[in-house]
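Good morning, colleagues. Please have the sequence and the coordinates open while I speak. I shall go through the surfaces, the pockets and the arrangement of the chains in turn.

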Protein chains: 2
Amino acid sequence: MTIGELANESGVNAKLIRHYESIGLIPKAARTESGYRFYKESDIQFLRFIKRARGLGFSMKEIKKLVGLWRNKTRASKEVKSLAQEHILDLESKIREMQEMVDNLKSLAKTCHGDARPDCPIISRLEGEK
Amino acid sequence: MTIGELANESGVNAKLIRHYESIGLIPKAARTESGYRFYKESDIQFLRFIKRARGLGFSMKEIKKLVGLWRNKTRASKEVKSLAQEHILDLESKIREMQEMVDNLKSLAKTCHGDARPDCPIISRLEGEK
DNA sequence: TATGGACCTTCCAATCATTGGAAGGTCAAA
DNA sequence: TTTGACCTTCCAATGATTGGAAGGTCCATA
């Protein structure tokens with residue numbers, strides 16, 4: 001299986017697969033005589049694993065840990081769970097932050113008449129009034 | 001006023017002030033004979049403006065626009081408002097995405113017993129079961 | 001006056017995850 | 001044999017910031 005086929009099957013593009021190899025997230029692929037990387041079926045599942053973890057917003061660092069836990073069949077579910085829970089807390093705090101931004105912006109936008117006049121409370125607030 | 005003093009007053013550190021100058025967000029500072037940048041009082045307000053906008057999650061690109069609108073006293077409030085509203089939509093869509101991640105992770109974490117046993121639904125799900 | 005330390009300068013590199021391009025080699029079918 | 005789709009490596013950009021190195025300047029104190 002070439003890198004392109006693996007990319008199709010896994011949904012992770014070839015460029016990114018090479019990149020993952022270069023940062024050590026996935027092992028170095030075997031090569032054909034001419035230097036092409038080749039892969040086996042089980043590599044599809046591996047890349048999908050990574051893709052799903054990215055989809056849940058895990059960082060590459062966290063994914064490295066997850067991959068380690070995944071590969072190690074004797075890992076404790078405790079470790080996995082606590083990794084997930086830390087990540088939940090991270091996400092929630094970012095959500096709160098962004099929600100505050102939205103709330104602020106909405107209240108500013110509401111008081112801005114939004115016509116051709118130059119007066120705008122959004123700008124005034126950024127200027128430091130209040 | 002030196003760059004360090006400006007940094008103190010504005011809350012934007014000196015390194016970042018230089019960086020903002022280099023990307024053209026703020027004009028090139030005047031220099032003393034020995035090459036030190038020097039600033040006037042009104043620069044404090046300017047940097048605070050930028051800092052507040054960053055605090056609301058605007059990108060540097062958006063901030064460049066905001067700065068332009070701010071400086072141009074005849075700008076229409078409409079432009080400012082629509083910039084803000086686009087940004088609100090951006091933020092809200094990111095929030096939704098992250099909230100979905102959290103929901104997924106929470107439901108996975110709930111079914112993970114979190115003890116010393118190796119079985120863990122979080123891992124299974126990443127593997128592709130279901 | 002000398003020296004120390006706090007400040008300033010520029011430039012280059014790292015972060016994070018990914019994408020892009022350039023320049024070249026390989027493969028398979030027409 | 002030529003075309004075109006694929007593969008290879010390497011280098012650079014993204015966005016916002018931070019870090020360090022190597023060096024110059026300023027001011028106060030010994």
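The surface near DNA strand C draws at least two residues from each of two helices, α2 (14-22) of chain A and α1 (3-10) of chain B. Before I go further, please bear in mind that this is a predicted model. Of those helices, α2(A) gives the largest share of the surface near DNA strand C, namely four residues.

Which residues come nearest to DNA strand C? There are 18 residues around the strand, and the nearest are Lys15(A), His19(A), Met60(A), Gly4(B) and Arg18(B). On the nucleic acid side, sugar and phosphate make up 66% of the atoms of DNA strand C that come within 4 Å of the protein. Sorted by class, the surface near DNA strand C holds six nonpolar, seven polar and five charged residues.

Let me turn to individual polar contacts with this strand. The side chain of Ser34(A) places an N or O atom 2.8 Å from a phosphate oxygen of DNA strand C. Tyr36(A) addresses a base instead: a polar atom of its side chain is 2.7 Å from a base nitrogen of DNA strand C. The other chain takes part as well, with an N or O atom in the side chain of Tyr36(B) lying 3.5 Å from a base oxygen of DNA strand C.

I now move to the other strand. Which helices each supply at least two residues of the surface near DNA strand D? They are α1 (3-10) of chain A and α2 (14-22) of chain B. The largest share, four residues, is that of α2(B). Around DNA strand D there are 18 residues, with Gly4(A), Arg18(A), Lys15(B), His19(B) and Met60(B) coming nearest. Of the atoms of DNA strand D that come within 4 Å of the protein, 66% belong to sugar and phosphate. The classes in the surface near DNA strand D are six nonpolar, seven polar and five charged residues.

Two of the polar contacts with DNA strand D involve phosphate oxygens. In one, a polar side-chain atom of Arg18(A) is 2.5 Å from a phosphate oxygen; in another, a polar backbone atom of Met60(B) is 2.7 Å from a phosphate oxygen. Tyr36(B), for its part, has a polar side-chain atom 2.7 Å from a base nitrogen of DNA strand D. Tyr36(B) therefore deserves a second look on screen, with its side chain 2.7 Å from a base nitrogen of DNA strand D and 3.5 Å from a base oxygen of DNA strand C.Next, the relation between the two protein chains. Chain A superposes on chain B, with an RMSD of 0.1 Å, after a rotation of 180° with 0.0 Å of shift along the axis. That is the relation of a two-fold axis. Within chain A, Ile95(A) has the C-alpha nearest the axis, at 2.8 Å from it. Both copies use the same surface, as 100% of the contact residues of chain A recur in chain B.

I close with the pockets. The largest pocket has a volume of about 280 Å³. It is lined by 17 residues, and Pro27(B), Tyr39(B), Lys40(B), Asp43(B) and Phe46(B) are the closest to its centre. Two helices of chain B, α3 (41-55) and α4 (60-71), each supply at least two residues of this lining, and the largest share, five residues, comes from α3(B). By class, the lining of the largest pocket has eleven nonpolar, two polar and four charged residues.

The second largest pocket holds about 210 Å³ of space. How many residues line the second largest pocket? Eleven do, and those nearest its centre are Ile123(A), Glu127(A), Trp70(B), Lys73(B) and Arg75(B). Both chains contribute helices here: α6 (121-127) of chain A and α4 of chain B each supply at least two residues of the lining. With three residues, α6(A) gives the most. The lining of the second largest pocket divides into four nonpolar, one polar and six charged residues.

Notes
Residues are numbered from 1 along each chain as its sequence is written. Chains are lettered from A and ligands numbered from 1 in the order in which they are written. This is a predicted model: local features need pLDDT of at least 70, side-chain atom pairs count only at pLDDT 80 or more; totals for chains, interfaces and linings use all residues. Side-chain values use heavy atoms; hydrogens and water are left out. A residue is near a molecule or strand if one of its heavy atoms lies within 4 Å of it. A polar contact is a pair of N or O atoms within 3.5 Å; within protein, one must be able to donate a hydrogen and the other to accept it, and residues adjacent in sequence count only if both atoms are side-chain atoms. Ala, Val, Leu, Ile, Met, Phe, Trp, Tyr, Cys and Pro count as nonpolar, Asp, Glu, Lys and Arg as charged, and the others, Gly among them, as polar. On a 1 Å grid over the protein atoms alone, a cavity is a set of points where a 1.4 Å probe fits but cannot get out, and a pocket is an open set with protein on both sides within 12 Å along at least five of seven lines; lining residues have an atom within 4 Å of a point. Grid points are joined across faces, edges and corners, and a volume is the space filled by probe spheres set on the points. Copies are superposed by least squares on the C-alpha atoms of residues with pLDDT of at least 70 in both. Contact means heavy atoms within 4.5 Å.
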